[in-house]
Amino acid sequence: MSKAIFMPKEKDFRLAVIDRRLAGINEIYPIMSSKGGVGKTLISAVLALILRDRGYKVGLLDLDITNPSAHTALGVSIKELPEEEKGVKPLIADGIKFMSVAFYTQDKPLPLRGWEIDNVIRELLAITIWGDLDYLIIDTPPGLSDEALDAISYFRSPKPLVVATPSPLAINSVRRLLQLLNDLNGLKVLGIVENMANEPSKRVRELAEAFSIKYLGNVPLDPTIDEVIGDTSKLRNTLLYVALKGIAEKNLGPNP
Ligand SMILES: Nc1ncnc2c1ncn2[C@@H]1O[C@H](COP(=O)(O)OP(=O)(O)OP(=O)(O)O)[C@@H](O)[C@H]1O
Ligand SMILES: [Mg+2]
């Protein structure tokens, strides 16, 4: 089952369109964790800001279809629908090209089943005109279901950045995700970021070691964060931004 996501998909004319739409993107980083609430969305949004602040062309795509929240992290008004013209141009938020199903669902619940979610993902990818990007950051849903894995199955050479916390509950869950990712031949995991940890924990470091992937660094617990979510200038002054910037400078980009 774990390999299915990279098996050829059935004939759907959108697949060729999707390949074309993604052709100008250099690096694709899905931010993943089987554990919910570990900071995937916040890290996706702040990492997009950091790479943008370093002068890169950056996109942020929210593929948490049933529970999108990246727009809240970035402070994007989902009332402003992206411009349409032979497809849909992402909204530009603080220099970041941003796309989310929330533009269409307007924060109403979207009670979809597995194949319906996959269908929405295809539709979003088929309509979105990204143009040239250095980085596309993808916020993904929690879990190990098809929903979480479908989120990366349409991209050539995605490099997942896995988020864990020092909690044994998170470690246990993330271990299963790493096992799944390990089974996908040729998939390169960028590494693990340990969130909400004031210092690197032995547990997460050992987890990274067990799967021969990089421990990218820790992001401290930032008690001010909930007050500044949605305000990108204030987000830039947080411990989270500073810690993640250090991690990005060391590990991401052509000259890390
Ligand atoms: N470094 C941090 N310091 C303090 N709070 C944090 C930190 N990282 C994330 N949080 C808080 O943890 C909560 C969950 O964050 P977030 O929504 O980004 O997680 P998630 O993994 O995307 O969750 P879900 O699995 O539901 O999509 C939020 O309230 C966020 O403010
Ligand atoms: Mg999230």
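**Exercise 1. Which residue is the bridge partner of Leu 161 in β7?**

Before starting, note that this is a predicted model, in which local features need pLDDT of at least 70 and side-chain atom pairs count only at pLDDT 80 or more, while totals for chains, interfaces and linings use all residues. Residues are numbered from 1 along each chain as its sequence is written, and chains are lettered from A and ligands numbered from 1 in the order in which they are written.

Solution. Begin with the two strands, β6 (161-164) and β7 (191-195), where strands are DSSP runs of E with at least two residues, helices are runs of H or I with at least four, and both are numbered from the N terminus. Four bridges join β6 to β7, and the two run parallel; strands count as paired if DSSP finds at least two bridges between them. Within this pairing, the partner of Leu 161 is Gly 191. On the β1 side, Leu 161 is also the bridge partner of Ile 31, and β1 and β6, joined by two bridges, run parallel.

**Exercise 2. Place the strands in their sheet, and find its edges.**

Solution. First take the inventory: the chain has 11 helices and eight strands. Eight strands form an open sheet with mixed pairing, in the order β3-β4-β2-β5-β1-β6-β7-β8. Next look at the ends, where β3 (91-93) and β8 (215-219) each have a single partner strand, so one side of each is left without a neighbour in the sheet. Neighbouring strands are turned against each other by 25° on average, direction ignored, with axes fitted as lines to C-alpha atoms. Finally, inspect β1 (residues 25-32) and β5 (residues 133-139), which run parallel and are joined by six bridges; here Tyr 29 stands opposite Ile 137 in β5.

**Exercise 3. Compare the surroundings of two residues with positive phi: is each buried or exposed?**

Solution. Start from the background that most residues other than glycine have a negative phi. Ser 157, with phi near 45°, lies in the loop between α6 (146-153) and β6, whereas Met 196, with phi near 60°, lies in the loop between β7 and α8 (202-210). Then apply the cut-offs, by which a residue is buried if 20 or more other C-beta atoms, placed from the backbone, lie within 10 Å of its own, exposed if 12 or fewer do, and partly exposed in between. Ser 157 has 9 such atoms and is therefore exposed, while Met 196 has 20 and is therefore buried. For the chain as a whole, 43% of the 256 residues count as buried.

**Exercise 4. Describe the shell around ligand 1.**

Solution. A residue belongs to the shell if its C-beta atom, placed from the backbone, lies within 6 Å of the ligand. By this rule 19 residues surround ligand 1, the closest being Gly 36, Gly 39, Lys 40, Thr 41 and Pro 142. The elements that give two or more residues are α2 (40-53) and α9 (225-228), and α2 gives the most, with three. Sorted by class, the shell has eight nonpolar, seven polar and four charged residues, where Asp, Glu, Lys and Arg count as charged, Ala, Val, Leu, Ile, Met, Phe, Trp, Tyr, Cys and Pro as nonpolar, and the others, Gly among them, as polar.

Terms used:
Axes are lines fitted to C-alpha atoms, for helices over the stretch in contact, and angles run from 0 to 180 degrees between N-to-C directions.
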